[in-house]
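Trainee: Could we go through this one together? I'd like to practise reading a structure.

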Amino acid sequence: MRTSLATLLLWSVAVVIAKDCPIADTSIIAHSGTPVGTEQVVDGVTFYISQAKCKAPKAAVVYLTDVFGIQLPENKLLADSFARAGYLTVAPDLFNGTPAPADLNDPSFNTTDFLSRHGPDVTDPIIAKAVTYLRSISSVKKVAATGYCYGGRYAFRFVAPGRGVDVAFAAHPSLLEDGEILAVGGGVSVAAAETDSMMPPARRAQIEALLANTTVPYQVSLYSGTQHGFGVRANISDLEQKFGKESAFFQAVRWFDYWLA
Ligand SMILES: *[C@@H]1O[C@H](CO)[C@@H](O)[C@H](O)[C@H]1NC(C)=O
Ligand SMILES: *[C@@H]1O[C@H](CO)[C@@H](O)[C@H](O)[C@H]1NC(C)=O
Ligand SMILES: *[C@@H]1O[C@H](CO)[C@@H](O)[C@H](O)[C@H]1NC(C)=O
């Protein structure tokens with residue numbers, strides 16, 4: 001009798017919790033394993049789509065990758081983690097099937113050439129298609145952008161007024177321009193690495209000063225023991241890097257949950 005009452009109580013608690021997402025804890029982060037989303041071509045662009053878990057998706061996340069693209073398993077797995085946090089998540093293929101190689105020092109890879117072929121003139125229209133797709137889903141009322149390295153700059157670009165993104169998170173953004181920071185129209189949260197030649201301490205201070213000159217809410221968090229790229233490609237055997245990657249993810253989720261509520 002006692003056991004069945006306890007079971008019944010546990011069961012009712014579980015039913016109540018199942019209506020909404022559990023408090024985000026590390027169980028929703030996948031560092032390895034098989035991605036659970038699907039790929040779909042929409043208007044000529046391949047989207048990696050991860051369906052929201054545990055609540056009707058009132059909000060969506062457009063996930064903007066680093067130069068390794070949606071082809072990198074860690075990017076798909078992190079997109080899945082946002083889906084487990086309750087967000088319909090779409091990561092557009094920013095490089096049309098040809099991202100940078102895993103080893104950027106590969107002699108056949110020309111970084112200058114790659115970046116010149118993937119400037120805002122080419123990348124903005126790809127991201128705009130993902131935002132349009134998300135906005136076409138009737139239950140989706142708000143859209144957040146999350147971006148990493150290369151994609152971090154575009155999270156800023158798309159939170160400018162009229163571009164369809166309400167709030168943004170960027171981890172170790174690269175190539176970010178002052179004007180793009182000053183143009184934001186929604187809140188921005190930034191995760192910074194301790195060691196980052198693309199965003200060294202002096203640049204981080206400038207970014208903070210520029211954000212302070214906007215009228216939007218903002219946040220800049222620095223994680224010890226991390227390097228450029230840690231938001232996606234941390235060495236999770238290293239306790240400081242693992243903490244940084246997981247905390248940057250929760251930083252984004254908390255930012256979205258709070259400002260999109
Ligand atoms: C890399 O690409 C740039 C721009 O396309 C070009 O000017 C340069 O010569 C290339 N470098 C090498 C080593 O091929
Ligand atoms: C912020 O605005 C003040 C007042 O307009 C200006 O003096 C300052 O240079 C600005 N700082 C940055 C980093 O843009
Ligand atoms: C990852 O971190 C562990 C623990 O600090 C270290 O032993 C290992 O060499 C690191 N791996 C790489 C590829 O840096």
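Here are a few questions and answers about this predicted model.

Trainee: How many helices and strands are there in the chain?
Mentor: Let's take the two kinds of element in turn. The strands come to eight. The helices in the chain number nine.

Trainee: Why does the chain count as being as compact as a globular protein of that length?
Mentor: Start with what the globule rule gives for 261 residues, which is 18 Å. The chain comes close to that, so it is as compact as a globular protein of that length. Its own radius of gyration is 19 Å.

Trainee: What share of the contacts with a separation of 6 or more is between residues 24 or more positions apart?
Mentor: Here we look just at contacts in the chain whose separation is 6 or more. Residues 24 or more positions apart account for a share of 72%.

Trainee: How far apart do the centres of the positive and negative side chains lie?
Mentor: There are two sets to think about: 21 positive side chains and 24 negative ones. Each set has a centre, and the distance between the two is 10 Å.

Trainee: Is glutamate 246 buried or exposed?
Mentor: First find it: glutamate 246 sits in helix α9, residues 239-260. Its relative accessibility is 10%, and buried means under 20%. So glutamate 246 counts as buried.

Trainee: Which residues does glutamate 246 touch?
Mentor: Leave out residues up to four places away in sequence. Glutamate 246 then touches Thr26, Ile29 and His31.

How values were computed
Residues numbered from 1 in each chain as written. Chains lettered and ligands numbered in written order. Predicted model: local features only at pLDDT ≥ 70, side-chain atom pairs only at ≥ 80, totals over all residues. Heavy atoms only, no water. Helix = DSSP H or I, 4+ residues; strand = E, 2+ residues; numbered from the N terminus. Rg over C-alpha atoms; globule rule 2.2 N^0.38 Å. Contact = heavy atoms within 4.5 Å. Lys, Arg positive; Asp, Glu negative; His and termini not counted. Charge placed at Lys NZ, Arg CZ, Asp CG, Glu CD. Buried < 20%, exposed > 50% of the residue type's maximum accessible area, 1.4 Å probe, protein only.
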